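Q: Could you walk me through this model before I go back to the bench? I'd like the overall picture and then a few details.

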Amino acid sequence: ASSWAETDQSRVRLISASTTVGTGAVSLGLQFELKPDWKVYWRSPGDAGYPPSIDWKSSSNLKSAWLAWPIPTRFSVLGLETLGYKKQVLLPVYAEVISVGAALSLKAHVRYLTCNKICIPYEADLALRLPYGLPQSSPYAHRINLSASKVPGNGDVNGLKITTLKTWNRDGKTWLRISANARMEFSDPDVFVEGPPRLTYSKPAVQLSHGSKAADLYLSVKGLDVMGDNKEKSLAGTKFTVTLVNGGIATQLVMAASEIAPPAKGPLTGQTKNLAAPSLALILVFALIGGFILNLMPCVLPVLSLKLLSVINHGGGTPRDVRVNFLASAAGIISTFLILAASLLILRSAGSVIGWGIQFQQPWFLTILVLIVTIFACNLWGFFDVSLPTTLSDFSQNAVKVNDFGGHFLQGAFATILATPCTAPFLGTAISFALAGSLFDILNVFFALGIGMALPYLGIAAFPALASQLPKPGPWILRLKIFLGILLAGTGVWLLYILTGVAGYTNAIAVGAIALAGVLLLFIAHRKNLGGFRLSVPGLFFLCTIALVIPLWTPSTFKINGTLRLSSYLAEIWAPFEPTAIHRLVASGKTVF
C-alpha cells in the first residue's frame, strides 16, 4: 500500500492485491476513507458533482489501467439526485504492464470531489512500487476482491436481467421505462441511467409483478431542450448504459431505447408499488384464519380437549361463570401472542435472525414441555390430584375465584406455546409478512393471530348457554379423561420427535425414558398406602433434574467434523479452516467461503 494522502475530510491511498508483479496484470484499488456525512461520487454523479479520476502518466512499465465502480448509493437532497459513496469505498483498478519480468512503478495523480453541506475539490499524489517476482498475495487481496464482487455484471450469474428500455413523450415530459426480471424476488430495486451529456433522470418509481420477480421502473428525463441535435425531442434510438440494483447485486447493460405510445395511465411518482403484494388488511384476514386453524392442529388439539373437559364440567353452571372462564382463556392466548411478538422485536433489534417457533430449537425448552404434558396426562389418568389447603380453598370460593381465572388464563397461554411450531398456509403467509415488516406489522399480525386462535373461546363466552346446556358431570367423564390423557401423551411423543432433530436421538431417547419413569413413579405412588403425590414429588424433582442436564452430558449427534456425509465432489473442495491459506487461495483465483 502507498502512504495515505490525508485532508480534514478524507484520506486516500493506493493498494495492491499482490506484493509483486509476476504476470502481465495486477489488481489494484483506490481506497477512500471519509469523515461522517462526507461523500465522493460515482462515475456518473447525477445532478451535481464529478467522480474521482486518476492520471497515470508518470508511472513506469504501465501499459494501461482502468477503474471499476462498485454499486453506489443514491442521495436525494432538495430535489437533486446524486450517486456516490459515504464512509469508505474501494474502487478496483485493473492494470497491465508493458514488460513482463520488470518491476512496476505506479505514480497516480488523483482528483476527486468530496461533499457534505459544501463541496471541496482535492488532488493527491500516490506512489507504489511492485518488484518483479513470483505472485504473492498481499493483505489487501481479499478486500480488493470483495469490492470487485460489488461491481455490476451482466446478469448471467446473479439472475438479474434487464429486458427492455422504452421511451415516450406526454404533456411535454419525456419518460423511460426499464423492464427487468430476477431469479430472486425484487426488494426495493433502483436503477441508474447514463446517456447523452446534460440529461438528468429522476428517482425511479417501481411497479412489481409476478410474485415480485418482475419489475417496471419509470424515470422522467430532463435536459432534452439543450440537446441541439435532437429536433424531435425524442430519445428513440438513443443508447443508454443501464445499471439495475436489487439489494446487494447489480447488472449493467448498454441498450437503445425504443419508442412506444404513451401508456393509458401515467407512471407512478416516487414510490414503489408491488402489484402482487397483499395488503395488510388481507394479511390480517389470513392471520385470523390461520389462528383459528391452530385449534385443530395435533399439537394444540389435546389442550383444546382439556378445555372441552372444563366445558363439560360447566354442565349446569351459570352463564356468568362460563363467560368469565372462557374470556380468561382467550385473554391468555392473546396476551401470549403479544408477548411472542415483543420477544421477536427485542431479538430483531439486538441483531438476531428471528423466526416463528424459534424456542423449539432449544433442547431444554422441548424437554420441559415433554415433562409438563407427561405430568398433565398422568393427572387425567387419575394417578394424582393436587388439592388446595382448606383455608385457601375456602378463600378461593368465597372471594373472586382468582385461581379459577388464573388457571384458565394459563391454559390459553399453554395452548399458544404449543401452537408455535404449527403452520398452515394462511398462518405461514401472515407470519412471513409480519417478520419481514415493521413493528406495527408484527404487533398487528400477532394480535390478529391471537384473536383467530381465541375465536372458539370468545364464541362460547358470547353464548355461554352452549356450555351450560351440556350434560352434567358423571362417571362417563372418567373414560373421557383417559382418552384426553392419551392425546396429551401423543403430544409428548411428537415433542420427542422434534427433540431428535434438535439434540439427536440419544438425548431424545434419554428424555423419553425419564418421562416413562415419571409415569411409572406416579402410577405406583397413587396406589393406596404408597404415599400418593406428595411422596412422589422428590422422585419427580430428581428425574426432572436429570432430564434437564442430559443435553450437557450427551454430545449432539450432528458434528461439523464428524460423520457429515458429502458427495465426492464436495469432499474435494471442503477443507479445514485456515486463515493463513485464504490469501494464497484468493490470489490463485479461488473463491473461498
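A: What follows goes from the whole chain to one pocket and then to one residue, and it should be kept in mind throughout that this is a predicted model.

Q: Fine, so how many helices and strands are there in the protein chain?

A: The protein chain holds 15 helices and 21 strands, and of its 593 residues, 42% count as buried.

Q: And what about the contacts between residues at least 6 apart in sequence?

A: Of those contacts, 74% join residues that lie at least 24 apart in sequence.

Q: How much surface does the protein chain expose?

A: About 31,800 Å² is exposed, and 62% of that area is supplied by carbon and sulfur atoms.

Q: Switching to pockets, what volume does the second largest one have?

A: The volume of the second largest pocket is about 560 Å³, and among the 15 residues that line it, Ile-573, Ala-575, Leu-585, Val-592 and Phe-593 are the closest to its centre.

Q: Which helices supply at least two residues each of that lining?

A: Those are α14, covering 568-573, and α15, covering 579-587, with α15 giving the largest share of the lining at 4 residues.

Q: What's the chemical mix of the lining?

A: The lining of the second largest pocket is made up of 11 nonpolar residues, 1 polar residue and 3 charged ones.

Q: New topic: is Ser-147 buried or exposed?

A: Ser-147, which sits in helix α1 (residues 141-148), counts as buried because its relative accessibility is 8%, under the 20% cut-off.

Q: What does Ser-147 touch, then?

A: Leaving aside residues up to four places away in sequence, Ser-147 touches Pro-70, Leu-90 and Pro-92.

Terms used: Residues are numbered from 1 along each chain as its sequence is written. This is a predicted model: local features need pLDDT of at least 70, side-chain atom pairs count only at pLDDT 80 or more; totals for chains, interfaces and linings use all residues. Side-chain values use heavy atoms; hydrogens and water are left out. Buried means under 20% relative accessible area, exposed over 50%, partly exposed in between (1.4 Å probe, protein chains only). Contact means heavy atoms within 4.5 Å. Accessible areas come from the Shrake-Rupley method with a 1.4 Å probe; for residues, only the protein chains shown count as cover. On a 1 Å grid over the protein atoms alone, a cavity is a set of points where a 1.4 Å probe fits but cannot get out, and a pocket is an open set with protein on both sides within 12 Å along at least five of seven lines; lining residues have an atom within 4 Å of a point. Grid points are joined across faces, edges and corners, and a volume is the space filled by probe spheres set on the points. Ala, Val, Leu, Ile, Met, Phe, Trp, Tyr, Cys and Pro count as nonpolar, Asp, Glu, Lys and Arg as charged, and the others, Gly among them, as polar.
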